[in-house]
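This report covers a metal site, cysteine pairing and the main pocket. The sequence and the structure come first.

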Amino acid sequence: MPIIAQHKWRWCGQCQGLWYSGATGNPNGACPGTHPAGGAHSKASSGDYALFGETQPAGFPANLLAQQNWHWCSQCGGLWIATSASPKGFCPKPGTNGHTEAGSGNYTLLAEP
Ligand SMILES: [Zn+2]
Ligand SMILES: [Zn+2]
């Protein structure tokens with residue numbers, strides 16, 4: 001089955017995070033590593049990372065170790081996953097109350113056994 005990957009994910013040397021630089025309206029996101037926080041992420045020295053997105057048909061092979069439900073945050077551009085301890089995490093964009101999954105796909109990261 002084809003696995004669809006999405007590139008333009010970049011590493012930010014200011015916050016050490018991964019964010020999506022291909023968003024039409026907010027390509028620089030909001031970085032927690034700027035002063036004041038919430039400035040642009042930096043892709044200097046970053047590679048072009050590709051993340052696994054949707055699969056067709058839905059789902060990965062059962063023998064593939066992967067973790068789903070990672071989301072892109074349209075406010076800060078970052079990649080995040082909800083946990084029971086911190087369901088929305090902390091979003092560095094000023095004036096927000098946690099990350100948002102609105103408009104995001106369901107990203108899957110490969111995991112080691
Ligand atoms: Zn950053
Ligand atoms: Zn966010």
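A disulfide is taken here as a pair of cysteine sulfur atoms within 2.5 Å. Under that rule the count for this predicted model comes to 0 disulfides.

**Zinc site**

Three cysteines and a histidine hold the zinc ion (ligand 2): Cys73 through SG, Cys76 through SG, Cys91 through SG and His99 through ND1, at 2.1 to 2.4 Å. Along the chain these donors follow the spacing C-x2-C-x14-C-x7-H. The angles among the 4 donor atoms run from 104 to 116°, and the site of the zinc ion (ligand 2) is tetrahedral. For four tetrahedral donors the ideal angle at a metal is 109.5 degrees.

**Burial**

The cut-off for buried is under 20% relative accessible area. Cys91, with 3%, therefore counts as buried, and His99, with 13%, is buried as well. The table lists these residues together with Cys76 and Cys31.

| Residue | Relative accessible area | Class |
|---|---|---|
| Cys31 | 0% | buried |
| Cys76 | 3% | buried |
| Cys91 | 3% | buried |
| His99 | 13% | buried |

**Largest pocket**

What is the volume of the largest pocket? The value is about 170 Å³. The pocket is lined by 13 residues, and the closest to its centre are Leu18, Cys76, Gly78, Leu79 and His99. Cys76 and His99 also appear among the donors of the zinc ion (ligand 2). By residue class, the lining of the largest pocket has 9 nonpolar, 4 polar and no charged residues.

Note on methods. Residues numbered from 1 in each chain as written. Chains lettered and ligands numbered in written order. Predicted model: local features only at pLDDT ≥ 70, side-chain atom pairs only at ≥ 80, totals over all residues. Heavy atoms only, no water. Donors = N, O, S within 2.8 Å, 3.2 Å for Na, K, Ca; no water. Tetrahedral: all angles 85-135°; square planar, octahedral: opposite > 155°, others 65-115°. Buried < 20%, exposed > 50% of the residue type's maximum accessible area, 1.4 Å probe, protein only. 1 Å grid on protein atoms, 1.4 Å probe; cavity = no way out; pocket = protein on both sides within 12 Å on 5 of 7 lines; lining within 4 Å. Points joined across faces, edges and corners; volume = space filled by probe spheres on them. Nonpolar A, V, L, I, M, F, W, Y, C, P; charged D, E, K, R; others polar.
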